[in-house]
Amino acid sequence: MDFQIDPSFEPIRQMLGWLGKSKLRPLGIEADRQGGPLPPDHPFFKEVLSMGMTGGFVGKLKDNKVPRDDDGRPRRTSRRAVVLAEEAAYWDRGMATSLPGPSLGGAPVMLTGTDAQKEHYLGMFKDKTTPRWGAFAMSEPGAGSDVARIRTRAKRDGDSYVLSGEKCFISNGARASWAVVWATIDPALGRSGHRAFLVDQGTPGFTVACIEKKMGLAASETASLVFDGCRVPESALLGGEEAYAGKGGFKSAMKAFDMTRPLVAAMGVGMGRAAYDETLRVARERFTGPSSWRLSRVQDRLVRVRRKLEMGRMLAWKAAWLADHKRPNAVEAGMAKAYCAQLGLEAASLGLEVLGESGGASDYLVEKIFRDVKALDIVEGTQQIQRVVIARRLIGYTEDRGRSTGASEASTSNGSGAKDSSNGSADTAEDSSTHTPAGATHV
Amino acid sequence: MPMDFSLTDEEQMVLDAAAEFARRGLLGKERDHEREGCVSDASRKSFAESGLDLLSTTLPGTNSDGMDLSWPARIQALTILARTDAAAAMALWLPGTTAALAKSLGAPADAVAGLGQSRLVDAVGETSAPCSALPMAGASRILDLDREGRWGIAEVTPSPSEAMALHAAGPRSADSVAWLAQGQVEAEAAHELRHLLRLVGSALLVGLARASTDYTAAYVQERVAFSKPLSHHQGVAFIVAEMAIRTTGCELLLDRAGWDLEQGQSRTGTDAWLEACETALWVTDQAVQLLGGHGYMKDHPVEKWMREARTITLLWGGVDAARADAARDLDLGAES
Ligand SMILES: Cc1cc2nc3c(=O)[nH]c(=O)nc-3n(C[C@H](O)[C@H](O)[C@H](O)COP(=O)(O)OP(=O)(O)OC[C@H]3O[C@@H](n4cnc5c(N)ncnc54)[C@H](O)[C@@H]3O)c2cc1C
């Protein structure tokens, strides 16, 4: 396995490192103290845009098409992306996910959108003067891991659709110029009833209900969205009706996660590394004199974290290497995501133990990382969902079939267990969909 | 060894009073306490009126006001409060306990007044060590006790400090200051007090673990994913079962440690603390995990419990000092 990244890429990583140190980390701390994200008109966003840094997949579209990636030659896209993801999260994961760009909404548009949709919805990010965001709106108060349970309805009415329902936990959802909104045309159809719509901010009937208050990641905006008789034209249907033959629509949602799981894993490594570095810095200051009885306990924790960081990074890189070589990576990506999210938390938690009584003080970065990193274990497929996926692939695990629990459940998800309909599940990735498209950038 | 954890009628009444106070004085006010950085005056008043403050300000066998309750009962009362709001429970309970400890160390009465938090430190030296984000419960004095039996009470000028948790207990920072009073007791006596203090800390953690376990157990039975309640997914069910096993075990170990204290044995206080640390850290994390995205939001209490468990386990020397103290009677020689 070749984990080399070409030397021409190094300056990009260095620039990100510079940005991280001078902006992402201090601004992330500022947002944390204020308890909410920087306002969209904060000068930082313009500045970062002018430097060419974006959040989410913008990729290099050629004639509004994802460049063909089937010439058999390996790419380095995924490996580059994990390196950037680790570096960005090292400085501040909340800030990294709030960089202007299409965010998680970019991937489905890129993979499934019509040429006109790509031109309009991704093309707007070519403008390097006005910060803009996109969003991906799948989760609902009653549906997270099990996306088949979404209840936002899309009703056909002449040549438009009318959306009604609620979305929650949507990253950049309030500041986004548009959101990919997942809805069902008929819950009885299960996943084949799913449709995604590109909904512009300001469309009548589309409102932001609130910005959530969270345990951490204050710099990242997490919004609840309401669609109340929100009328969108037929042309807002992502990819057009033909994209939804069979379970196609659902697949396009899941493809987005296939791309991002190794990146989330790399973020876990980045955050864990930040906790480790800060802990080591303080430990070196404190344990200077004759060796304290605590020293060996402190060392044990640090060497444990250091070796686990290395292991987590290897898992993330392997998943990325497989993707770059167009080999199936569902198991490896799941392993990396499941392992590294927990590793990040462990690094922070053990770091706090080294810092001792004062660890809980916000003067030390580690307590912030502890609060921030927990989210990684939940987003884009929880650790449980990753394990379901891994176990299914490795040992043929099938979950016991669900029993209907009442009228409201009777029509959901074909009674299947957490098989191929879970948020962050890799199980639509039977084919080449595990590959990050060429030219995609994500920090 | 015969052991009897049953409570007297009087003790049961006190526990009922604790439950009643938790319901009326704490429940529903947790986020207000957190935001305001202190326990409301109304809650303080109702705590005093309930008579529970007497439990915290005295040690068994040392009081003369008829509240000579056993350790198991005291610890259970604190656990009940911590189940609702551990930070507020700490703010209400700790100053009294610290003062009682100081008195039993022989500290002069004028130094004892105004004590808030205590610390189990490596060594009490010339000056007191600075503190950072230490929950001071509105007080300005701290008591330090080391393994050799040296103790000191320091007056500090605390400044508010940003902290991860326990806001209701008023986290404060202060630079190194001179001692108000200092003294030394036998190392053995110091160790007894260290074990005892950890038992009190364990009650807070076990309360958090119980709250998290019960809240999660209810949630996973309500919430449906993949056509059935979360509780019917084995991956969820086994975690909740494990949460219950560990929490129940810790509650019993706490009772056991209380019982041992009554018999004049204190070391299990530190054992209970070590188990409570491990359990509370794990259980509160699982609670957030099993609530998924909802667990990460402040609409539910579990994220607060996770922050609190992580912070409380850092106090009183954390697990490192406890492991060293617990190993003391193994007679393997001392760490230098
Ligand atoms: C910071 C943050 C940002 C987010 N951003 C977005 C966004 O931009 N867009 C978006 O659409 N969503 C977003 N989400 C939502 C996220 O995708 C969901 O929270 C996640 O998918 C989990 O869903 P849930 O919260 O409903 O938990 P649930 O699905 O209710 O799960 C609860 C618990 O049950 C477990 N569980 C579920 N099914 C099984 C099973 N079969 N076997 C074993 N265990 C199981 C889960 O692992 C979890 O522990 C965000 C969430 C957070 C916290």
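Which handedness does the crossing of α1(A) and α2(A) have? The crossing of these two helices is left-handed. The model is predicted, and the points below cover helix packing, strand pairing and burial in chains A and B.

**Helix pairs**

- In chain A, helix α1 (residues 10–34) packs against helix α2 (residues 43–50) at an angle of about 155°, and their axes are 12 Å apart.
- Angles over 145 degrees count as roughly antiparallel, and α1(A) and α2(A) are therefore roughly antiparallel to each other.
- In chain B, the axes of helix α8 (residues 234–262) and helix α9 (residues 268–291) cross at roughly 155° and come within 9 Å.
- α8(B) and α9(B) are therefore also described as roughly antiparallel to each other.
- The crossing of α8(B) and α9(B) is left-handed.
- In the contact of α8(B) with α9(B), 14 residues are nonpolar, five are polar and six are charged.

**Helix α10 of chain A**

- Helix α10 (residues 383–395) of chain A has 13 residues, which should span 18 Å at 1.5 Å a residue.
- The end C-alpha atoms of α10(A) are 17 Å apart, which agrees with that expected span.
- Buried residues of α10(A) include A:Q383, A:Q384, A:I385 and A:Q386, and A:V388, A:V389, A:I390 and A:A391 are buried as well.
- A:G396 follows α10(A) and has a positive phi, near 65°.

**Strand β4 of chain A and its partners**

- Strand β4 (residues 178–184) of chain A is mostly covered, with seven of its seven residues buried.
- A:W178, A:V180, A:W182 and A:T184 point one way from β4(A), while A:A179, A:V181 and A:A183 point the other way.
- Residues on both of these sides of β4(A) are buried.
- Strand β1 (residues 134–137) of chain A runs parallel to β4(A) and is joined to it by four bridges.
- Within the pairing of β1(A) and β4(A), A:G134 stands opposite A:W178.
- Strand β5 (residues 194–200) of chain A runs antiparallel to β4(A), and seven bridges join the two strands.
- Within the pairing of β4(A) and β5(A), A:W182 stands opposite A:A196.

**Open sheet of chain B**

- Three strands of chain B form an open sheet in the order β2-β6-β5, with antiparallel pairing.
- The edge strands are β2 (131–135) and β5 of chain B, each of which pairs on one side only.
- β2(B) and β6(B) run antiparallel and are joined by three bridges.
- B:L134 has B:R172 in β6(B) as its bridge partner.

**Positive phi in residues other than glycine**

- A:N172 is not a glycine, yet its phi is positive, near 60°.
- A:N172 is found in the loop between β3 (160–171) and β4 of chain A.
- Buried means under 20% relative accessible area; A:N172 has a relative accessible area of 0% and is therefore buried.
- B:L166 is not a glycine either, and has a positive phi of about 60°.
- The loop that holds B:L166 runs between β5 (159–160) and β6 (171–174) of chain B.
- B:L166 counts as buried because its relative accessibility is 1%.

Conventions. Residues are numbered from 1 along each chain as its sequence is written. Chains are lettered from A and ligands numbered from 1 in the order in which they are written. This is a predicted model: local features need pLDDT of at least 70, side-chain atom pairs count only at pLDDT 80 or more; totals for chains, interfaces and linings use all residues. Side-chain values use heavy atoms; hydrogens and water are left out. Buried means under 20% relative accessible area, exposed over 50%, partly exposed in between (1.4 Å probe, protein chains only). Two strands pair if DSSP finds at least two bridges between them. Axes are lines fitted to C-alpha atoms, for helices over the stretch in contact, and angles run from 0 to 180 degrees between N-to-C directions. Angles under 35 degrees count as roughly parallel, over 145 as roughly antiparallel, 65 to 115 as roughly perpendicular and the rest as oblique. A crossing is left-handed if the near helix is turned anticlockwise from the far one by less than a right angle, and right-handed if clockwise. Ala, Val, Leu, Ile, Met, Phe, Trp, Tyr, Cys and Pro count as nonpolar, Asp, Glu, Lys and Arg as charged, and the others, Gly among them, as polar. The expected span of a helix is 1.5 Å times one less than its number of residues.
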